[in-house]
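Reader: Please take one part of this model and go through it closely. Keep it brisk, and define your terms as you go.

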Amino acid sequence: MKEVIIKDKKICSGATPLICVSLMGETFEEVQDNLANILDVAKHSRIDIVEFRGDYYKELENVEKLQQVLSYVGEEIKDKILLFTIRSPQEGGVARDYVSTSIEEINKFVIDNKLADMVDVEFFSVDENTTLIKLAKEKNVKIIMSNHDFDITPDYEVMVERLTKMQSLGADVVKMAVMPKNPDDLLSLLRVTREMRTNHNDTPVVTMSMGKIGAVSRITGEVFGSAITFGAVGEISAPGQIPVKDLEDILSSIHNYCVD
């Protein structure tokens, strides 16, 4: 089973999922305040990954200020993994225009300067000839390639095809988040997760079905194979997220009582 190790933390399908919390803020001061809340919760609850949501940050396209805020976050979180994410408006991110720089250019800056341990790259933004993945491997920055659908759960075959394509493009971790209309959609997503873990295990896989119907998918990663789950401290970044303390307790119970 392929695994990714960052700061002695193991990202691996079939193990207890790492807990990721999103850090959001429009200004440096808001980032500081929200990070302080996250670190306060982390004193009593397990938080393995802090995801800096760049699309919320108003100074995102000012690379000097972006470097400043990411350096600050990286120093403050110490042994936690820093994941940098710009979620596009098309996949649920903040509605904003990228006037002076593209998302890809900002990601390249972050990777080239090693300002994060991992960078999220959206699957539909990548073409066959991109240099982003190559640069990340040179800089030893891990790529989590993602696809989000806030409207539907695609067909089983489509989800498997997208995730395996992400692997072929060189992603270190592959991720898919979808919106269920009914419990059958949730089951389809869980089947995809199991399929990836069992038959396409070149990389760890991260999956989630959103909203209340899909919340089960956020706690059963160890059973089906999802390597990371997203918990909430304060404001949620996606529907269906569970508060970190509750999430940690549930994951522990799953590990103790539902896994051989």
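Author: Start with the cysteines. Searching the whole structure turns up 0 disulfides, a disulfide being a pair of cysteine sulfur atoms within 2.5 Å. C12 is in none; its nearest cysteine sulfur belongs to C20, 17 Å away. C12 counts as buried, at 10% relative accessibility. C258 is in no disulfide either, and the nearest cysteine sulfur, that of C12, lies 19 Å away. C258 is partly exposed, with a relative accessible area of 48%. Buried means under 20% relative accessible area, exposed over 50%, and partly exposed in between, using a 1.4 Å probe and protein chains only.

A word on the basis. This is a predicted model: local features need pLDDT of at least 70, side-chain atom pairs count only at pLDDT 80 or more, and totals for chains, interfaces and linings use all residues. Residues are numbered from 1 along each chain as its sequence is written, and side-chain values use heavy atoms, with hydrogens and water left out.

Now the close look: strand 8. Strand 8 spans residues 173-178, and 6 of its 6 residues are buried. Strands (E, at least two residues) and helices (H or I, at least four) are DSSP runs numbered from the N terminus. On one side of strand 8 sit V173, K175 and A177; on the other, V174, M176 and V178. Both faces are covered.

Next, its partners. Two strands pair if DSSP finds at least two bridges between them. Strand 7 (residues 142-149) pairs with strand 8 in the parallel sense, over 6 bridges. Here M176 of strand 8 stands opposite N147. The chain gets from strand 7 to strand 8 through helix 5 (residues 156-168), in a right-handed β-α-β crossover. Right-handed means that, with the strands pointing away from the viewer, the path from the first strand over the helix to the second runs clockwise.

Strand 9 (residues 205-209) is another partner. Strands 8 and 9 run parallel and are joined by 5 bridges. V174 has V205 of strand 9 as its bridge partner. Helix 6 (residues 183-199) completes a right-handed β-α-β unit with strands 8 and 9.

So much for the route through this strand: in from strand 7 by way of helix 5, then strand 8, helix 6 and strand 9 as a β-α-β unit.
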